[in-house]
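Please open the model in your viewer and keep the sequence panel beside it. The tour moves from one selection to the next, and each stop says what to pick and what is to be found there.

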Amino acid sequence: GKGGTVDIKGLGVNLIPLTGIERKDMGIPSGRGLKVARVLRKDTGLLPDDLLLAVSGRPVGSIAQVSEILKSKIGKDVFLTIIRKGKPMNVNMTVP
């Protein structure tokens, strides 16, 4: 339901889409960005509270978008564009 976290198959983290207020506060374009709520697998390179903005250069703002991209990347390397503690960075991972 609303505000629920979803474990995205293949990503190994629980993500929560950002609210409009959070986006405004952080200067993130509307419809973009998900917050990492929980990390279920150590090898993802993600940490709780990271903000996920794009997967392999494709902007994401919903669980569905992330799942869709990852489905086409099984067994491949992807790079995740994130903001960690206010700093933009890329994290590489292999989709299982």
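## First stop: a charged pair on a helix

Begin by selecting Glu 68, which counts as partly exposed at 48% relative accessibility. The model in your viewer is a predicted one, and the distances quoted along the way should be read with that in mind. Add Lys 71 to the selection, and you have a salt bridge between Lys 71 and Glu 68, whose closest N and O atoms are 3.6 Å apart. Both residues belong to helix α2, where they are 3 residues apart and therefore separated by about one helical turn. Lys 71 counts as exposed, at 56% relative accessibility.

Now extend the selection to the whole of helix α2, which covers residues 63-71. Which residues of this helix are buried? They are Ile 63, Val 66, Ile 69 and Leu 70. Turn the view until you look down the axis of α2, and these buried residues fall within an arc of 135°, so they line one face of the helix. The face turned away from that buried side carries Ala 64 and Lys 71, both of them exposed. As a reminder for reading such a view, an α-helix has 3.6 residues a turn, so residues three or four places apart point the same way.

## Second stop: the whole chain

Zoom out and colour by secondary structure, which shows 2 helices and 7 strands in the chain. Followed from the N terminus, the elements run β-β-α-β-β-β-α-β-β. Of the 96 residues, 36% count as buried, and the accessible surface of the chain comes to about 5600 Å², with 56% of that belonging to carbon and sulfur atoms. Among the contacts with a separation of 6 or more, 45% are accounted for by residues 24 or more positions apart.

## Third stop: the other salt bridges

The count of salt bridges comes to 3. Select Lys 35 and Glu 22, which form one of them, with their closest N and O atoms 3.2 Å apart. Lys 35 lies in strand β3 and Glu 22 in helix α1, so this pair ties together parts that are 13 residues apart in sequence. Lys 35 is partly exposed at 24% relative accessibility, and Glu 22 is likewise partly exposed, with a relative accessible area of 23%.

Next select Arg 84 and Asp 50, a salt bridge in which the closest N and O atoms are 2.7 Å apart. Because Arg 84 lies in strand β6 (residues 77-84) and Asp 50 in the loop between β3 and β4, the pair ties together parts that are 34 residues apart in sequence. Are these two residues buried or exposed? Both Arg 84 and Asp 50 are buried.

## Fourth stop: a buried arginine without a partner

Go to helix α1, residues 20-26, and select Arg 23. This residue is buried yet has no salt bridge, and the nearest side chain of opposite charge, that of Glu 22, is 7.4 Å away. For comparison with the pairs above, a salt bridge here requires the nitrogen and the carboxyl oxygen to lie within 4 Å. What the side chain of Arg 23 does reach is the backbone oxygen of Leu 18, at 3.2 Å. If neighbours within four places in sequence are left aside, the residues in contact with Arg 23 include Ile 28, Pro 29, Ser 30, Arg 32 and Gly 61.

## Last stop: the loop between β3 and β4

Finally, select Thr 44, which lies in the loop between β3 (34-39) and β4 (51-55). Thr 44 is buried, with a relative accessible area of 0%. Its side chain reaches the backbone oxygen of Arg 41 at 3.5 Å, and a polar atom of the Thr 44 side chain lies 3.1 Å from the backbone nitrogen of Leu 46. Not counting residues up to four places away in sequence, Thr 44 touches Leu 11, Gly 12, Val 13, Val 39, Val 91, Asn 92 and Met 93.

Move one residue back to Asp 43, found in the loop between β3 and β4 as well. Asp 43 is exposed, with a relative accessible area of 53%. Draw a line from its C-alpha to that of Met 93, and you will find the two 7.6 Å apart in space although they are 50 residues apart in sequence.

Conventions: Residues are numbered from 1 along each chain as its sequence is written. This is a predicted model: local features need pLDDT of at least 70, side-chain atom pairs count only at pLDDT 80 or more; totals for chains, interfaces and linings use all residues. Side-chain values use heavy atoms; hydrogens and water are left out. Helices (H or I, at least four residues) and strands (E, at least two) are DSSP runs, numbered from the N terminus. Buried means under 20% relative accessible area, exposed over 50%, partly exposed in between (1.4 Å probe, protein chains only). Lys and Arg count as positive and Asp and Glu as negative; His and the chain ends are not counted. A polar contact is a pair of N or O atoms within 3.5 Å; within protein, one must be able to donate a hydrogen and the other to accept it, and residues adjacent in sequence count only if both atoms are side-chain atoms. Contact means heavy atoms within 4.5 Å. The arc is that of the directions from the helix axis to the C-beta atoms. Accessible areas come from the Shrake-Rupley method with a 1.4 Å probe; for residues, only the protein chains shown count as cover.
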